[in-house]
Amino acid sequence: QHVQTRINIKPKLREEQVDALELLTTALRGELRYDMWSRHLLMVPLIRTWHFLDAKLVEDICLNAVTVRYLEVEDELFNPSVQADNAFVLVTGALSYSSFSP
C-alpha cells in the first residue's frame, strides 16, 4: 500500500525544472524567491528579528541559502548517526519524532 501511495503522488514542479528562471537577473530571482519563501522563514523569531534589522539579509537568505526538500511518508529527515548541518522550516504537513537507542 505504501508503494502504491507513492506511485499515485503527482510530483511538484521544482525550480530547477523551470529553465526560464535562469534568464532572470540575480536581483529579480532574489525578489521571486523572497516572495516564495519569506512568509515561511519569517515564522522563525530569529529570522523575523534579522528582517526587522535588515530586510535585504532575509532576501539574500532566500536567494542563497534556502533549499527545498520534499518528504514523503516514512522519509527520514534526521538520523542520530549523522551530524545535522541544516536548519529546516516545515511548510506543510506534519513530522513525527521517534527516539531510539542503538
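This dialogue looks at how three helices pack against one another in a predicted model.

Visitor: How do the axes of α3 and α4 stand to each other?

Guide: The general idea is to take the crossing angle and ask which class it falls into, where 65 to 115 degrees counts as roughly perpendicular and over 145 as roughly antiparallel. Here the axes of helix α3, residues 45-53, and helix α4, residues 55-64, come within 5 Å and cross at roughly 125°, and α3 and α4 are therefore oblique to each other.

Visitor: Which residues make that contact, and how do they divide into nonpolar, polar and charged?

Guide: On the α3 side they are I47, W50, H51 and L53, and on the α4 side A55, L57, V58 and I61; seven of these residues are nonpolar, one is polar and none is charged.

Visitor: At what angle do α2 and α4 cross?

Guide: For helix α2, residues 26-41, and α4, the axes come within 7 Å and cross at roughly 100°, so that these two helices are roughly perpendicular to each other. To this contact α2 brings T26, A27, R29, G30, E31, R33, Y34, W37, S38 and L41, while α4 brings V58, E59, I61, C62 and L63, a set that divides into eight nonpolar, three polar and four charged residues.

Visitor: Where does α2 bend, and which of its residues are buried?

Guide: A bend is read as a change in axis direction at one residue, and in α2 that residue is D35, where the helix bends by about 40°. Burial is read residue by residue, with under 20% relative accessible area as the cut-off; in α2, G30, R33, Y34, W37, S38, H40 and L41 are buried, and what covers them includes α3 and α4.

Notes. Residues numbered from 1 in each chain as written. Predicted model: local features only at pLDDT ≥ 70, side-chain atom pairs only at ≥ 80, totals over all residues. Heavy atoms only, no water. Axes fitted to C-alpha atoms, helices over the stretch in contact; angles between N-to-C directions. Helix = DSSP H or I, 4+ residues; strand = E, 2+ residues; numbered from the N terminus. Parallel < 35°, antiparallel > 145°, perpendicular 65-115°, else oblique. Contact = heavy atoms within 4.5 Å. Nonpolar A, V, L, I, M, F, W, Y, C, P; charged D, E, K, R; others polar. Bend = angle between axes of the 7 residues up to and from the residue. Buried < 20%, exposed > 50% of the residue type's maximum accessible area, 1.4 Å probe, protein only.
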